[in-house]
Amino acid sequence: MNRDEKRDRFAALPPEIVEFENHCVLFPREPTGGTWISANDAGVCLALINWHRIKREPNNGICSRGEVIRKLAGVSTSDEISTAVKKLPLRKLRPFRLIAIVSAENRVIEWRWNLNRLSIRKQSWESRHWFSSSFDEATAEAERTHVCAALPDESAKRDLKWLRRLHRSHEPERGPFSICMHRPDAATVSYTEVAVGSQSVVMCYKDGPPCSRRSTTTKTCKLSRVRTTNR
């Protein structure tokens, strides 16, 4: 996940292991405590992106979207996420898209909140990309989707090397629509990578754009149970 933010926003803190009631959770965070991505020892990964195409604002006060994942990060299953999402103070949250990858179930699920309705999309268990842009979301999505499809894949294996190359891409040119985004007022400020294995979860975090030479912080936690997954 590339995180794009205004250049004058406070820098985030690298990931730490946080003990929730039932799970250990890995996540980076804002100085105020909110986060945009998490992974726990049940192998559940959550990511939240802003939905800029929806221009409306809440009418009854605003809560930070950074609290969404903090409230959901300790869940174990997709059913638990569905229940917890409905209990969020949705009427006070700006539009968002929440993606859950539940490795024990081979499930990818997306929730969309547009200020009027919470919808759910159950995606197939395959590679997929999501994009967000406060500059021009429709164009950014189209340009970045094209880059993902066009990136050379000689080995026919989309491994971590391929993924990292994609996230630091400046195609079609270095600017507001490149996946590693650079604008006068905003930029990609960090890169977070989650790998769920058979016995552990690893989160790698670069405090800076993927194209930079900034150092990477790596945190690991063991899965709470050994799982078998059909592939």
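## A walk through the predicted model

Let's start with how far to trust what you're looking at. This is a predicted model, and its pLDDT averages 92 over the protein, with 95% of the residues scoring at least 70. One stretch to treat with care is residues 226-231, where the pLDDT is below 50. In the model, that stretch has 10 contacts beyond near neighbours in sequence. Where pLDDT is low, the predicted coordinates shouldn't be read in detail.

Now find the open sheet of 4 strands. Going across, the order is β1-β9-β10-β11, and the pairing is antiparallel. Which strands stand at the edges? They are β1 (2-6) and β11 (216-222): each has a single partner strand, so one side of each is left without a neighbour in the sheet. From one strand to the next, the twist averages 20°.

Inside that sheet, look at β9 (residues 186-196) and β10 (residues 200-206), which are joined by 6 bridges in the antiparallel sense. For a spot to zoom in on, take Ala 195, whose bridge partner in β10 is Val 202. Helix α4 (residues 160-167) packs on this sheet and touches β1 and β9. The direction of α4 makes about 165° with that of β9.

Next, head over to strand β4 (residues 37-40). Its side chains point two ways: Ile 37 and Ala 39 go one way, Ser 38 and Asn 40 go the other, and all are buried. β4 pairs with strand β3 (residues 24-29) in the antiparallel sense over 2 bridges, and with strand β5 (residues 44-50), also antiparallel, over 3 bridges. Ala 39 is a handy landmark here: it is the bridge partner of Leu 26, and it stands opposite Cys 45 in β5. The hairpin of β4 and β5 has 3 residues between the strands, and in it Gly 43 takes a positive phi near 80°.

Finally, a look at the rings. How many aromatic pairs does a search of the whole structure find? There are 2. In the pair of Phe 20 and Phe 27, the ring centres are 6.4 Å apart and the planes lie at 85°, so this one is edge-to-face. The cut-off for that label is an angle over 60 degrees. As for exposure, Phe 27 counts as buried because its relative accessibility is 1%, while Phe 20, at 23%, counts as partly exposed. There's also a charge to spot: Arg 3 lies over the face of Trp 36, 3.8 Å from the ring centre.

Note on methods. Residues are numbered from 1 along each chain as its sequence is written. Side-chain values use heavy atoms; hydrogens and water are left out. Rings of Phe, Tyr and Trp (its six-membered ring) pair if their centres lie within 6.5 Å; planes under 30 degrees apart count as stacked, over 60 as edge-to-face and the rest as tilted. Buried means under 20% relative accessible area, exposed over 50%, partly exposed in between (1.4 Å probe, protein chains only). A charge sits over a ring if NZ of Lys or CZ of Arg is within 6 Å of the ring centre and within 35 degrees of the ring normal. Two strands pair if DSSP finds at least two bridges between them. Axes are lines fitted to C-alpha atoms, for helices over the stretch in contact, and angles run from 0 to 180 degrees between N-to-C directions. Contact means heavy atoms within 4.5 Å. pLDDT is the predictor's confidence in each residue, from 0 to 100.
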